[in-house]
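The exercises below are meant to be worked with the sequence and the structure open side by side. Try each task before reading the solution that follows it.

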Amino acid sequence: MGSKDHSKDQAKEHLTLQQNIASFMGRLLRDTFGKGPESVYVSIGYTFITMYLRNFLTPSEKVLMEQDQEIIVMQTRDKLMQTLMPELNGYLEGLLGQKPGEVYYDWGLHNRAGMIVGVFSGPVEAGERINEAYAGREAVEAEIVDISRNAQKAPEEIYSCELNDRTLVVVRNGILVRIEKELIRHGVGPQLRQVKRVLEKSYMHNNTHLESILQKKIIDSFVDWDFDLDKSLIVFVLNPKLPRGGNALDMVDMS
């Protein structure tokens, strides 16, 4: 078999894997929430799997949003996500031979979007090669450090990469200040997460500086924390300036 045929086989395997994960995630959310997303976009690279959900809002959540009850929607979603985590981890372990050591998620209720991210201890087979040398990386990380400093404190470590030309992942380690650690120890972690999310996303929303660095429009931004690890993960969904190659068909329509 020639290298060209081998590359085609790898691309086909990668696409099938993405579609399987997207279909499973759509069904799992529908079974848990009563309504699933319209579509799921899956990106796989190195130790990351991101699942970008579009048009995901149940009828009851829509009513609550119209009554300015976003906090209730977020709290309910947090509880429901905890119930589906064992099934998600089990599915990914059966499919990939390993389960994620960390799972992050966040919602963009204003545009009915969501993001779920699995982080694995080792590389995910059939994943695409990530781009750690993307244009503007140093400036992007400097901007995220500034946002972190304004919201709480500068991270002790920061890392970023592009999984593809529409998915940018940023990992921060060592970002909690002492009072936050004490609040978490006293059981107010969920409330702290909500406050931090609103604060940080206020800096990231319509951030023209980041867009000018990347030369791409930021469609969505998501952020979550693992307080036990003192770690945070940010995902930017980008609109590339050029037509995409590679995973052009990994958006699975769930309707």
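**Exercise 1.** In the hairpin of strand 1 and strand 2, which residue takes a positive phi?

*Solution.* The model is a predicted one, and the search can begin with the pairing itself: strand 1 and strand 2 (residues 48–54) are antiparallel partners over seven bridges. As a check on the register, Val 42 has Met 51 in strand 2 as its bridge partner. Two residues lie between the strands of this hairpin, and Tyr 46 is the residue with a positive phi, near 55 degrees.

**Exercise 2.** Determine whether strand 1 is covered on one face or on both.

*Solution.* In a regular strand, side chains alternate between the two faces of the sheet. Sorting the residues accordingly, one side carries Ser 39, Tyr 41, Ser 43 and Gly 45, while the other carries Val 40, Val 42 and Ile 44, and all of these are buried, so that both faces are covered. Because seven of the seven residues of strand 1 (residues 39–45) are buried, the strand is largely enclosed by the rest of the structure.

**Exercise 3.** Carry out the corresponding analysis for strand 3 and strand 4.

*Solution.* Strand 3 and strand 4 (residues 113–119) run antiparallel and are joined by seven bridges, and Trp 107 has Gly 114 in strand 4 as its bridge partner. Four residues lie between the strands of this hairpin, in which Arg 112 takes a positive phi near 60 degrees. Six of the seven residues of strand 3 (residues 102–108) are buried, and therefore this strand is largely enclosed by the rest of the structure.

**Exercise 4.** Is Thr 83 buried or exposed?

*Solution.* Thr 83 is first placed in helix 3 (residues 70–96). Its relative accessibility is 55%, and since exposed means over 50%, Thr 83 counts as exposed. The C-alpha atom of Thr 83 is separated by 8.3 Å from that of Thr 32, although the two residues are 51 residues apart along the chain.

**Exercise 5.** Establish the strand order of the four-stranded sheet, and then identify helices that pack on it.

*Solution.* The sheet is open, with antiparallel pairing and the order 5-6-8-7. Strand 5 (157–164) and strand 7 (217–226) are the edge strands, each pairing on one side only. Within the sheet, strand 6 (residues 167–173) and strand 8 (residues 231–239) run antiparallel and are joined by seven bridges, with Lys 231 in strand 8 as the bridge partner of Asn 173. Helix 4 (residues 137–151) packs on the sheet, touching strand 5, strand 6 and strand 8, and its direction makes about 130 degrees with that of strand 5. Helix 6 (residues 189–204) also packs on the sheet, touching strand 6, strand 7 and strand 8, with a direction at about 155 degrees to that of strand 7.

Key
Residues numbered from 1 in each chain as written. Predicted model: local features only at pLDDT ≥ 70, side-chain atom pairs only at ≥ 80, totals over all residues. Heavy atoms only, no water. Buried < 20%, exposed > 50% of the residue type's maximum accessible area, 1.4 Å probe, protein only. Pairing = 2+ DSSP bridges. Contact = heavy atoms within 4.5 Å. Axes fitted to C-alpha atoms, helices over the stretch in contact; angles between N-to-C directions.
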